[in-house]
Amino acid sequence: MSEQRILILLGPPGAGKGTQASRLAAHLGLPHVATGDLFRENLSQGTALGQRAKSFMESGKLVPDELVLEMLFDRVSRPDCAGGYLLDGFPRTLPQAEALTERLAGLSVSTLSLEVPDDQLVERASGRLLCKSCSNIHHATFSPPRVAGVCDACGGELYRRKDDDPAVVRERLAVFHEQTQPMIDYYARQGSLESIDGTQSPDDVFASLLARLDAGTSAGGRA
Ligand code: ADP
Ligand code: ADP
Ligand code: ZN
């Protein structure tokens, strides 16, 4: 019988969750489940869920918990998640964390938190470039594409997220400190949180994440 392995990657907007989650997912052979990506897919496909999430996302607010939970639990119920999955951008509030803990009771869960100071987050998010065709993430300065506007991984067109405008990033950071940091403290109080210095280079962050995961595997780590 195979066991579900769940990884939760926490951190503020722009911390490098998406960058690291796609590397980790490929390395561990787990699906990468990012609530922000799921909302953006719904938005671009014009679904009812996308319509409901739109104004919250564009203003840098959180989408209401009930919408997020319904979408997320539906996603992780699909067959590709049967052996486990990697969560990126979820949970973000205390009620989301509590709902997740209840659902995952008894499973093997690793919770990792990327820590980066606010001034660097504004710089990272405002230079972020996303590929329209694949999930690859570039940065105008820190990880520039070989050809301007073109994804290195697939040749797709790069675009900037509307909510990566510095004013909206600052609002997202305020929301993070108000609603998400208390939830991260909740994991820390349970003694089940690994904090990682997210200011290192992407390769060093990745190595730190893997080192913590290896250490956690031998030490157990059940919800
Ligand atoms: P980032 O990784 O840069 O913080 P995301 O792509 O994870 O951004 O999220 C983009 C937006 O989608 C958020 O600002 C929020 O409006 C919405 N969103 C994503 N995940 C959640 C969540 N777990 N709870 C509420 N809103 C969310
Ligand atoms: P998140 O998903 O947490 O919002 P991303 O992974 O999308 O963050 O990264 C935000 C931006 O910062 C992207 O443009 C990415 O290329 C860049 N970035 C990610 N990790 C690092 C790092 N360790 N050092 C410098 N820039 C980084
Ligand atoms: Zn691409």
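Start by selecting ligand 1 together with Gln 96: an N or O atom in the side chain of Gln 96 sits 2.9 Å from a nitrogen atom of the ligand. That is a polar contact, meaning a pair of N or O atoms within 3.5 Å; within protein, one must be able to donate a hydrogen and the other to accept it, and residues adjacent in sequence count only if both atoms are side-chain atoms. Before moving on, note that this is a predicted model, in which local features need pLDDT of at least 70 and side-chain atom pairs count only at pLDDT 80 or more, while totals for chains, interfaces and linings use all residues. Residues are numbered from 1 along each chain as its sequence is written, chains are lettered from A and ligands numbered from 1 in the order in which they are written, and side-chain values use heavy atoms, with hydrogens and water left out.

**Still at ligand 1**

Add Thr 35, where a polar side-chain atom lies 2.8 Å from a nitrogen atom of ligand 1. Then add Gly 89, which brings a backbone N or O atom to 3.0 Å from a nitrogen atom of ligand 1. On its own the ligand has 560 Å² of accessible area, and the protein covers 96% of this (Shrake-Rupley method, 1.4 Å probe; for residues, only the protein chains shown count as cover).

Now show the whole shell of 20 residues, of which Thr 35, Arg 40, Lys 61, Arg 92 and Arg 172 are the closest (a residue is near if one of its heavy atoms lies within 4 Å). Helix 2 (residues 35-45) gives the largest share of this shell, four residues. Helices (H or I, at least four residues) and strands (E, at least two) are DSSP runs, numbered from the N terminus.

**Next stop: Met 57**

Select Met 57 in helix 3 (residues 48-59). Is Met 57 buried or exposed? Met 57 counts as buried because its relative accessibility is 12%, and buried means under 20% relative accessible area, exposed over 50%, partly exposed in between (1.4 Å probe, protein chains only). Beyond its neighbours within four places in sequence, Met 57 is in contact with Gly 36, Phe 39, Arg 40, Leu 43, Val 63 and Asp 163, where contact means heavy atoms within 4.5 Å.

**On to Gln 179**

Go to helix 7 (residues 166-189) and pick out Gln 179. Gln 179 is partly exposed, because its relative accessible area is 33%. Leaving out neighbours within four places in sequence, its contacts are Leu 62, Arg 92, Thr 93 and Leu 94. Try the distance tool on Gln 179 and Arg 92: they are 87 residues apart in sequence, yet 7.1 Å apart in space, C-alpha to C-alpha.

**Across to ligand 2**

Which residues come nearest to ligand 2? Of the 18 around it, they are Gly 14, Lys 17, Thr 19, Arg 128 and His 138. Look for backbone N or O atoms facing oxygen atoms of the ligand: Ala 15 at 3.2 Å, Gly 16 at 3.0 Å and Lys 17 at 2.8 Å. The protein covers 92% of the 560 Å² of accessible area that ligand 2 has on its own. Helix 1 (17-28) and strand 6 (137-139) each supply at least two residues of this shell.

**Last stop: a sheet**

Follow strand 6 into an open, antiparallel sheet of three strands in the order 6-5-7. Strand 6 and strand 7 (158-159) are the edges, each pairing on one side only. Strands pair if DSSP finds at least two bridges between them. Finish with Leu 130, whose bridge partner in strand 7 is Tyr 159.
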